[in-house]
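Thank you for making time this morning; please have the sequence and the picture open while I talk. I will go slowly, and I will take the buried lysines before anything else.

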Amino acid sequence: MIVTLTLAPALDKTAVIPGFAADRVNRVQSLRLDAGGKGINVSKVLRALGTDSLATGILGGSTGRFIEGALKQAGIACDFAWVEQDTRTNMKVIDPENHTNTDINEPGAPAAEAVLESVWQKAADAAKPGDIVVLAGKAPTGTRDTLFAEWITQFKTQRIQVYMDADAGLLIEGVKACPALIKPNDAELERLTGEHFENISQMAEAAKQLNAQGIETVIVSLGGDGALFARDGQVLRCQGLKVPVQSTVGAGDSMVAAMAHGAASGMTFRETCALAMAVSAASVMMPGTQSPEVGTVRQLLQQVKIEAM
């Protein structure tokens, strides 16, 4: 079982606006609505890859009901904690003329301690020893930075693996609890280590040091330049794939989903890394936060280049 946990989900509203500009009237060419939030995106990609998951987290109001309905319609099991206030809405503006993607994200409401405890309990009840829990995204406003670290520690006592894709304080504190997998980008890796990196080799050494501290898998996202995958003192460098970009939202979530799918399917580390690159590239070819098409993933897999560092 893979359980995805999203404390700050969102209704993603993606608008295509050619020639988008500030301080003027902009006209929407097309608009789509998607259930969003990093953990939810992971569940959507897992479903596309043929792996079941349980999506949990916090939802509220009519926006929350839309998100839950969309997930259930897609065949994704759900067990959310409910609050009265509407789940936030995030606007993504894509300008095909200027080749820009602009995110306008609402902050979301604070969550009471009882609600957070309810979410934890739902995940803990669903996951069994050997399962994977994905802690992804930000936490509600005012949540303590140590929350993910506390949950990681508790999950580990139950022999449950935790994949964490967070940022800021949640990432810095969460790493101290040594989750099974983290996915910082280059800037986040610098904040984690307190170092400034001049080249890829220095990033690879930093990732290996995190392995040595007890984090089994470290993925360093390099954007269009690909990613580094570190495990057991070995670092694989995967080049970025050149594909037409519709939306970059959810590319990192797709990578995490592929890693969880690979682990659940018994794939080798190298096979899983290749899949992660193909799935991530396929996801940016889709508008909004739609899941990548499996046929496209298979085609891109043939183009993935991996070298040991």
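Let me begin with Lys92, which sits in strand β7, the stretch that covers residues 89-95. Before we go further, please keep in mind that what you are looking at is a predicted model.

Is Lys92 buried or exposed? Its relative accessibility is 8%, and because the limit for calling a residue buried is under 20%, Lys92 counts as buried. Its side chain has a polar partner there, since a polar contact of 3.2 Å runs from the side chain of Lys92 to the side chain of Asn105. If we set aside residues up to four places away in sequence, Lys92 touches Asp12, Lys13, Thr14, Ala15, Thr102, Asp103, Asn105 and Val249.

The next lysine is Lys44, which belongs to helix α1. Lys44 is also buried, with a relative accessible area of 11%, and its side chain reaches the backbone oxygen of Ala35 at a distance of 2.7 Å. Which residues does Lys44 touch, not counting those up to four places away in sequence? They are Asp34, Ala35, Leu71, Ile76, Thr289 and Ser291. I would like you to look at Thr289 in particular, for this residue is 245 residues away from Lys44 along the chain, and yet the two C-alpha atoms are separated by 9.2 Å.

Our third buried charged residue is an aspartate, Asp253, whose place is in helix α8. Its relative accessible area is 3%, so Asp253 is buried. A polar contact of 2.7 Å joins its side chain to that of Lys38, and, leaving out residues up to four places away in sequence, Asp253 touches Lys38, Asn41, Val42 and Asp165.

Lys38 leads us to the open spaces of the model. The largest pocket has a volume of about 1,100 Å³, and 40 residues line it, of which Lys38, Thr248, Gly250, Ala251 and Gly252 are the closest to its centre. Several elements each supply at least two residues of that lining, namely β2 (10-16), α1, β7, β8 (100-105), α8 and α9 (269-284).

How many cavities of 30 Å³ or more are there, if we count enclosed spaces instead? The count comes to one, and the volume of this largest cavity is about 80 Å³. Twelve residues line the largest cavity, and the closest to its centre are Val249, Gly250, Ser254, Thr289 and Gln290. The elements that give two or more residues to this lining are α1 (38-49) and α8 (251-265), with the largest share, three residues, coming from α1.

Let us now turn to the nonpolar interior. The largest nonpolar core has 47 residues, and those with the most contacts inside it are Leu7, Leu135, Trp151 and Phe155. Apart from this core lies another, of 39 residues, which includes Ile2, Tyr163, Phe229 and Ala257.

To see the larger core at work on one residue, take Trp151, which, leaving aside neighbours within four places in sequence, is in contact with Leu5, Leu7, Leu116, Val119, Trp120 and Leu135. Trp151 also takes part in a cluster, in which ring pairs link Trp120, Phe148, Trp151 and Phe155; a search of the whole structure finds three aromatic pairs.

Which residues of helix α4, residues 147-157, are buried? They are Leu147, Phe148, Ala149, Trp151, Ile152 and Phe155. An α-helix has 3.6 residues a turn, so residues three or four places apart point the same way. The cover over the buried residues of α4 includes β1 (2-6), α3 (113-126), β9 (132-136), β10 (161-165) and α5 (168-175).

I will finish with two backbone details. Most residues other than glycine have a negative phi. Arg159, which lies in the loop between α4 and β10, has a positive phi, near 60°, and this arginine is exposed, with a relative accessible area of 60%. Ala168, in helix α5, has a positive phi as well, near 50°, and with a relative accessible area of 45% Ala168 is partly exposed.

Key. Residues are numbered from 1 along each chain as its sequence is written. This is a predicted model: local features need pLDDT of at least 70, side-chain atom pairs count only at pLDDT 80 or more; totals for chains, interfaces and linings use all residues. Side-chain values use heavy atoms; hydrogens and water are left out. A nonpolar core is a set of buried Ala, Val, Leu, Ile, Met, Phe, Trp, Tyr and Cys residues joined through side-chain atoms within 4.5 Å. Buried means under 20% relative accessible area, exposed over 50%, partly exposed in between (1.4 Å probe, protein chains only). Contact means heavy atoms within 4.5 Å. Rings of Phe, Tyr and Trp (its six-membered ring) pair if their centres lie within 6.5 Å; planes under 30 degrees apart count as stacked, over 60 as edge-to-face and the rest as tilted. Helices (H or I, at least four residues) and strands (E, at least two) are DSSP runs, numbered from the N terminus. A polar contact is a pair of N or O atoms within 3.5 Å; within protein, one must be able to donate a hydrogen and the other to accept it, and residues adjacent in sequence count only if both atoms are side-chain atoms. On a 1 Å grid over the protein atoms alone, a cavity is a set of points where a 1.4 Å probe fits but cannot get out, and a pocket is an open set with protein on both sides within 12 Å along at least five of seven lines; lining residues have an atom within 4 Å of a point. Grid points are joined across faces, edges and corners, and a volume is the space filled by probe spheres set on the points.
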